[in-house]
Amino acid sequence: QVQLVESGGGLVQAGGSLRLSCAASGLSFSNYCMGWFRQAPGKEREFVARITRYGTSTYYIDSMKGRFTISRDNAKNTVSLQMSSLKPEDTAVYYCAARPNDCLPSYTYWGQGTQVTVSS
């Protein structure tokens, strides 16, 4: 059974930093593209960042570039999202997701999410 478990969320002041982690089990981790998504209250879930199977390529939406960094450790079956210069509009539930092989828009497995709240 595939499980993705996020951690590291919490309350932080604007301008601060947080590091989210996602621990994967039940899958051959290095065969999966990993992504981070978020969903703010009353809004649709949106893509944040993704990383290819061996970490050779990353992609972010424009509003995250320079502030967020996605990374992975295939030996530990984890993917992380380092977030800095956080803004109140970054407040959301953050989800990690996995899809086999190439990084394409649809993801197969999802975590339960971790809440990030940025106060002004």
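Which residue has its backbone oxygen 2.9 Å from a polar atom of the side chain of Thr 91? In this predicted model, the residue in question is Pro 88.

## Surroundings of Thr 91

Thr 91 belongs to the loop that runs between strand S8 (78-83) and strand S9 (92-100). Its relative accessibility is 19%, and the residue therefore counts as buried, the limit for that class being under 20%. The side chain of Thr 91 has a polar atom 2.9 Å from the backbone oxygen of Pro 88. On the side of Val 118, the backbone nitrogen lies 2.9 Å from a polar atom of the Thr 91 side chain.

When residues up to four places away in sequence are not counted, Thr 91 touches Ala 40 and Pro 41, together with Gln 115, Val 116, Thr 117 and Val 118. Val 118 thus appears both among these contacts and as the residue whose backbone nitrogen faces a polar side-chain atom of Thr 91.

## Disulfides

Two disulfides are present in the structure. With the bonded cysteines counted along the chain, their pattern is 1-3, 2-4.

One disulfide is formed by Cys 22 and Cys 96, with the sulfur atoms 1.9 Å apart. Cys 22 is part of strand S3 (residues 18-25) and Cys 96 of strand S9, so this pair ties together parts that are 74 residues apart in sequence. The torsion about its S-S bond is about 40°, and the disulfide of Cys 22 and Cys 96 is therefore right-handed. Both of these cysteines, Cys 22 and Cys 96, are buried.

The other disulfide joins Cys 33 to Cys 103, with an S to S distance of 1.9 Å. Because Cys 33 lies in strand S4 and Cys 103 in the loop between S9 and S10, the pair ties together parts that are 70 residues apart in sequence. A torsion of about 105° about the S-S bond of Cys 33 and Cys 103 makes this disulfide right-handed. The two ends fall into separate accessibility classes: Cys 33 is buried, with a relative accessible area of 0%, whereas Cys 103 is partly exposed, at 22%.

## Aromatic pairs

The structure contains six aromatic pairs. One of them brings together Tyr 32 and Tyr 109, whose ring centres are 6.2 Å apart and whose planes stand at 50°, so the pair is tilted. Planes count as stacked under 30 degrees apart and as edge-to-face over 60. Tyr 32 lies in strand S4 (residues 32-39) and Tyr 109 in strand S10 (residues 109-110), so the pair ties together parts that are 77 residues apart in sequence.

As for accessibility, Tyr 32 counts as buried, at 13% relative accessibility, while Tyr 109 counts as partly exposed, at 29%. Ring pairs also link a cluster made up of Phe 37, Phe 47, Tyr 59, Tyr 107 and Trp 110.

## Arginines over aromatic rings

Trp 110, a member of the aromatic cluster, has Arg 45 over its face, at 3.7 Å from the ring centre. Arg 72 is placed over the face of Phe 29, at 4.4 Å from the ring centre.

## Strand S4

Strand S4 (residues 32-39) recurs in two of the sections above. Tyr 32, in this strand, pairs with Tyr 109 of strand S10, and Cys 33, also in S4, is bonded to Cys 103 in the loop between S9 and S10. Tyr 32 is buried, with 13% relative accessibility, and Cys 33 is buried at 0%.

Note on methods. Residues are numbered from 1 along each chain as its sequence is written. This is a predicted model: local features need pLDDT of at least 70, side-chain atom pairs count only at pLDDT 80 or more; totals for chains, interfaces and linings use all residues. Side-chain values use heavy atoms; hydrogens and water are left out. Rings of Phe, Tyr and Trp (its six-membered ring) pair if their centres lie within 6.5 Å; planes under 30 degrees apart count as stacked, over 60 as edge-to-face and the rest as tilted. Helices (H or I, at least four residues) and strands (E, at least two) are DSSP runs, numbered from the N terminus. Buried means under 20% relative accessible area, exposed over 50%, partly exposed in between (1.4 Å probe, protein chains only). A charge sits over a ring if NZ of Lys or CZ of Arg is within 6 Å of the ring centre and within 35 degrees of the ring normal. A polar contact is a pair of N or O atoms within 3.5 Å; within protein, one must be able to donate a hydrogen and the other to accept it, and residues adjacent in sequence count only if both atoms are side-chain atoms. Contact means heavy atoms within 4.5 Å. A disulfide is a pair of cysteine sulfur atoms within 2.5 Å.
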